[in-house]
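Welcome, and please open the model in your viewer. We will go from stop to stop, and at each one you will be told what to select and what is there.

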Amino acid sequence: MIPSINSPGSRTIGLLAYLYGPGRHEEHVDPHLVASFDGMSPDPGRDPSATLKDLQLLLDQPVDALPVHSRPARHVWHCSVRAATGDRVLSDEEWGDIARRVVAATGIDPGDGEPGCRWAAVRHADDHIHIIATLVCEDGSRPDDFRSGKRAQAECRLIEKELGLTLVNAGDGTAARRPTSAERHKADRRKRGRTAREELRETVRRAVAGAESEEEFFERLAAAGLLVRRRIAPSGDLLGYTVALPDDRNRDGEPVFYSGSRLAPDLSLPRVRERFDGNGDQAARPGRSRDDHGDVPVASGPAAARRSATQAAWAAVLCIEQDEDGAAAAQLAAAGEVLDALARTSAAHTRRELREAAFVFERATRSHIRAERYHGRALRQAARDLIQGGPALGRGEDGATTAMVIDMLFFLATAAANWHGRHHHAQQAAAAHAAAEHLRAAYQAASATPIGVLHQRGRHLAHPAREKHAAALRAALPELAETVLAEPGWFALAATLADAEQAGHRPTALLVEAAGRRELESATSVSDVLVWRLRRIADLPADPAIPKATASAISLPRNRPVTEREHSRRGRPGPGR
């Protein structure tokens, strides 16, 4: 159940006309009262003798009783209360009880003999009501409606439990604004899956992903086809910006512009600039050794960019698990940029799920914990590499490294969900979990070919070779070996162990190192996780069809920051899906 309190208005009759009218798109059905301050207010919807003016005069009476100079300029309080998608249709009596509880909780009409405001609750759809009140109590005083939004949210959480409705995650005020009803209806009329606000938010987030300066950011906005206006101070300083879709027009045919802050709190110009401020010299930052901030390699091509992103995501996971709040918050914000960049540059068969993952993970990138932006530098560089590397093919090393990075980003999203859960960020945790599910689906699409090739190669390994690798698995992972051997992915793992052995590695040692990175029991496919870990550790090509010599040309140099092998030596846990 979602309450939404609007900014106070000045015309009671105007809001009543909207509530009892047909709606902007003929969506209002059977408008009528379900409750009111006295239980006897005139209902213009069901009583032919009642008019909107009658109800307006009744509600405004305490306001009109005050001297003109004492009346509040904006005296109309408006709150909508909407049931969650999938909830049952509530009766008028239930909605009436909900309205009474909400006005009591918010201080509009507290009851128990305390002075209250006049109010009425109108229902014109199955799934929500609107409560209108005038902000002067019967005794001429003003109501105590301070923080009424949070109080309404708290009351709705109780109502959900009592009525068996969907338990909506509590917010913390950092979510992006929801599209309005008018924006949703406009999108429906145009048969668009998302509103203009949502499309703009996604496009602006992609533009800022990995950008190094304001100039580059605005160039990307223009290249994406958006209309951009900059707000300039008399001094010539840039104060802000607004964007619009070229085909999103108002009734006068003018573009509908949105400021960055109206799209999301972290898309305002000052917040965008914070990302660029985090790109400075890292050597001067406290608490960072050379191992932690060595030269950031510039990847070349989609496959190398995906390897770079995999390494940066691994470092981010370690940072999040250390639970240093400012650093973790920065990693999560930058992780959103990597997802945006990956969705933008991936092949068609993974693009939809990756786009949805980035779209929902956006909510997990913000909380009230202040991000220390420089900690997200490696991920921001990875996002930049992905953009500059260009579109990836859905096959070959491009396709296989896409599966590799998605495997790691799945774990990063899971780590984000756990971190938000520990901090009681319910909405952010739910968003990270939802993103992980989209990443799981994207991984299945991306990994089908490379894992399938490895599977066939593993099946055709000589029996003694498979038995030797099985013995290595039992020696390295005695508790999980039989589970892995029973999985369909065992053949792909056997082929990977054969590749590693041919490249000069000891399979048992590699397995011990891979297993020591993090627990594996919760993985959907332990063998798949081990395949990608081993191919990263052993510097094998992600695509099993590529010879090792060719793969070396696209691999990243060994002076990359926060190497996986270094972290393994330190005994820290590693990723798993």
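How many Å² does the accessible surface of the chain come to, and what share of that belongs to carbon and sulfur atoms? The accessible surface is about 25,000 Å², and carbon and sulfur atoms hold 51% of it. Keep in mind throughout the tour that this is a predicted model.

**The whole chain**

Start with everything shown as a cartoon. You will find 23 helices and eight strands. The chain has 577 residues, and 54% of them count as buried. Now think about contacts between residues with a separation of 6 or more: 73% of these join residues 24 or more positions apart.

**The largest core**

Next, select Phe 361, Ile 406, Leu 409, Leu 439, Trp 490 and Leu 493, and show their side chains. These are the residues with the most contacts inside the largest nonpolar core, which has 86 residues. Helix α15, residues 396-422, gives the most to this core, with 15 residues. In soluble globular proteins, nonpolar side chains tend to be buried together.

Zoom in on Ile 406. Which residues does Ile 406 touch, once its neighbours within four places in sequence are left aside? The contacts are Leu 342, Leu 354, Leu 439, Ala 442, Tyr 443 and Ala 446.

There is also a second, separate core, made of 25 residues. To find it, select some of its members, including Ala 35, Val 102, Val 103 and Ile 159.

**Helix α16 and Ser 447**

Move on to Ser 447, which sits in helix α16. Is Ser 447 buried or exposed? Ser 447 is buried, since its relative accessible area is 4% and the cut-off for buried is under 20%. Apart from neighbours within four places in sequence, Ser 447 is in contact with Ala 403, Gly 452 and Trp 532.

**Helix α17, one side and the other**

Select residues 463-476, which form helix α17. At 1.5 Å a residue, these 14 residues should span 20 Å, and the end C-alpha atoms are indeed 20 Å apart, so the two values agree. Now colour the buried residues of α17: Arg 466, His 469, Ala 470, Ala 472, Leu 473 and Ala 476. Their arc around the axis is only 155°, so they lie on the same side of α17. Turn to the other side of α17 and you will meet His 463, Pro 464 and Ala 475, which are exposed. What covers the buried residues of α17? The cover includes α16 (426-459), α18 (481-486), α19 (490-502) and α20 (507-515).

**Strand β2 and its partner**

Select residues 32-36, strand β2. Five of the five residues are buried, so β2 is largely enclosed by the rest of the structure. Add strand β4, residues 117-123: β2 and β4 pair in the antiparallel sense over four bridges. One bridge to pick out joins His 32 to Arg 123 in β4.

**A sheet of three strands**

Now look for an open sheet with the strand order β6-β7-β8 and antiparallel pairing. Its edge strands are β6 (227-232) and β8 (258-259), each pairing on one side only. Between β6 and β7 (residues 238-244) there are six bridges. Ile 232 stands opposite Leu 238 in β7.

Staying with β6 and β7, add helix α7, residues 214-223. The buried residues of α7 are Glu 214, Glu 216, Phe 217, Phe 218, Arg 220 and Leu 221. They pack against β6 and β7, and also against α6 (196-208), α9 (269-277) and α14 (377-389). Just after α7, click on Gly 225, where phi is positive, at about 90°.

**Two stops in loops**

Most residues other than glycine have a negative phi. The last two stops have a positive one.

- Select Arg 147, in the loop between β5 (128-137) and α4 (148-163). Its phi is near 55°, and Arg 147 is partly exposed, with a relative accessible area of 47%.
- Select Asp 539, in the loop between α21 (526-537) and α22 (548-552). Phi of Asp 539 is near 55°, and this residue is buried, with a relative accessible area of 18%.

How values were computed:
Residues numbered from 1 in each chain as written. Predicted model: local features only at pLDDT ≥ 70, side-chain atom pairs only at ≥ 80, totals over all residues. Heavy atoms only, no water. Expected span 1.5 Å × (residues − 1). Buried < 20%, exposed > 50% of the residue type's maximum accessible area, 1.4 Å probe, protein only. Arc of directions from axis to C-beta. Contact = heavy atoms within 4.5 Å. Core = buried A, V, L, I, M, F, W, Y, C linked by side-chain atoms within 4.5 Å. Areas by Shrake-Rupley, 256 points an atom, 1.4 Å probe, with all protein chains shown as cover. Pairing = 2+ DSSP bridges.
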